[in-house]
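Visitor: Could you take me through one part of this model in close detail, and then show me how that part sits within the rest of the chain?

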Amino acid sequence: MRLRAVLISALLLSTVNFVLAEQTVKIEFVVTVPADTPPDSPVFLAGNLPSLGPWKPDGLRLQRRDDGQYHAVLEMPRDFRLEYKITRGTWQTVEKGAAGEELANRTLLPDQPRRVAVRVARWASAVSADGQGARKSTLTGTIRTLDD
């Protein structure tokens, strides 16, 4: 009688695990960053998935590969509409378009496991307020900062 109960429990557990596995998918993200990104700079995936924060700019840290690309595997609910952005850990270093423009959230509706390749054009930290690129200092000579 006890052996029968153990076998039934094991069967139920394996069925539940199978059903749960069918309800999630693994998504591999491969992110290519701009050439001027410091090699020691962390890169993150921020988004609306609870495991990403949600919307924390340093949600999921991606691992840097030897080829300079960043990589992460995310397990998420099947058919969940993921909205996400790539950051360097803060909203001040979020990805931007090639001309420095704001980007809409990236979206993904995963119905099966897949590989997602993302190319970041530039970072917000490299864009000035007018969207024309990083501001260059025009100060010359000896510069002293006075506290008061």
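Guide: A convenient place to begin is a single facing pair of residues, since A46 stands opposite K85 in β5. That pair belongs to a longer register in this predicted model, in which strand β2, residues 43-47, and strand β5, residues 82-87, pair in the antiparallel sense over 4 bridges. To one side of A46 along the strand, G47 stands opposite Y84 in β5, and to the other side F44 stands opposite T87 in β5. As general background, the strands of a sheet pair through backbone hydrogen bonds, in either a parallel or an antiparallel arrangement.

Strand β2 also has a partner in strand β3, residues 60-64, to which it is joined by 3 bridges, again running antiparallel. F44 takes part here too, with R61 as its bridge partner in β3, in addition to standing opposite T87 in β5. Strand β2 is mostly covered, with 5 of its 5 residues buried. Its residues divide between two directions, V43, L45 and G47 pointing one way and F44 and A46 the other, and all of them are buried.

Strand β5 has much the same story to tell about cover: it is largely enclosed by the rest of the structure, because 5 of its 6 residues are buried. Apart from its pairing with β2, β5 pairs with β7 in the antiparallel sense over 3 bridges, and there the bridge partner of E83 is T107.

Within β5, T87 deserves a closer reading. This residue lies in the strand itself and counts as buried because its relative accessibility is 0%, where the cut-off for buried is under 20%. Leaving aside neighbours within four places in sequence, T87 is in contact with P42, V43, F44, A46, P57, T93, V94 and W123, a list that includes F44, the residue standing opposite T87 across the β2 and β5 pairing. A polar atom of the T87 side chain also lies 2.9 Å from the backbone nitrogen of G89.

Stepping back to the whole sheet, β2 and β5 belong to an open sheet of 7 strands with the order β7-β5-β2-β3-β4-β1-β8 and mixed pairing. Its edge strands are β7 (106-108) and β8 (114-119), each of which pairs on one side only. Neighbouring strands of this sheet are turned by 30 degrees against each other on average, with direction ignored.

The side chains connect these strands in a further way. The largest nonpolar core has 22 residues, and those with the most contacts inside it are F29, V31, L45, L74, L82, Y84 and I86. The elements giving two or more residues to this core are β1 (24-32), β2, β4 (70-77), β5 and β8. In soluble globular proteins, nonpolar side chains tend to be buried together. F29 illustrates the reach of the core well: apart from neighbours within four places in sequence, F29 is in contact with L45, Y70, H71, A72, L74, L82, Y84, L108 and V116.

Strand β1 also contains T24, a residue whose surroundings can be set beside those of T87. T24 counts as partly exposed because its relative accessibility is 25%, whereas T87, at 0%, counts as buried. Not counting residues up to four places away in sequence, T24 touches E75, M76, P77 and R78, and the T24 side chain makes a polar contact with the side chain of E75 at 3.0 Å. The C-alpha atoms of T24 and F80 are separated by 9.2 Å, although these two residues are 56 residues apart along the chain.

As for the chain that holds all of this, it has 1 helix and 9 strands, which follow one another along the sequence in the pattern α-β-β-β-β-β-β-β-β-β. Of its 148 residues, 34% count as buried, and its accessible surface comes to about 10000 Å², of which 54% belongs to carbon and sulfur atoms. Among contacts with a separation of 6 or more, 69% are accounted for by residues 24 or more positions apart.

Definitions and conventions. Residues are numbered from 1 along each chain as its sequence is written. This is a predicted model: local features need pLDDT of at least 70, side-chain atom pairs count only at pLDDT 80 or more; totals for chains, interfaces and linings use all residues. Side-chain values use heavy atoms; hydrogens and water are left out. Buried means under 20% relative accessible area, exposed over 50%, partly exposed in between (1.4 Å probe, protein chains only). Contact means heavy atoms within 4.5 Å. Accessible areas come from the Shrake-Rupley method with a 1.4 Å probe; for residues, only the protein chains shown count as cover. Two strands pair if DSSP finds at least two bridges between them. Axes are lines fitted to C-alpha atoms, for helices over the stretch in contact, and angles run from 0 to 180 degrees between N-to-C directions. A nonpolar core is a set of buried Ala, Val, Leu, Ile, Met, Phe, Trp, Tyr and Cys residues joined through side-chain atoms within 4.5 Å. A polar contact is a pair of N or O atoms within 3.5 Å; within protein, one must be able to donate a hydrogen and the other to accept it, and residues adjacent in sequence count only if both atoms are side-chain atoms.
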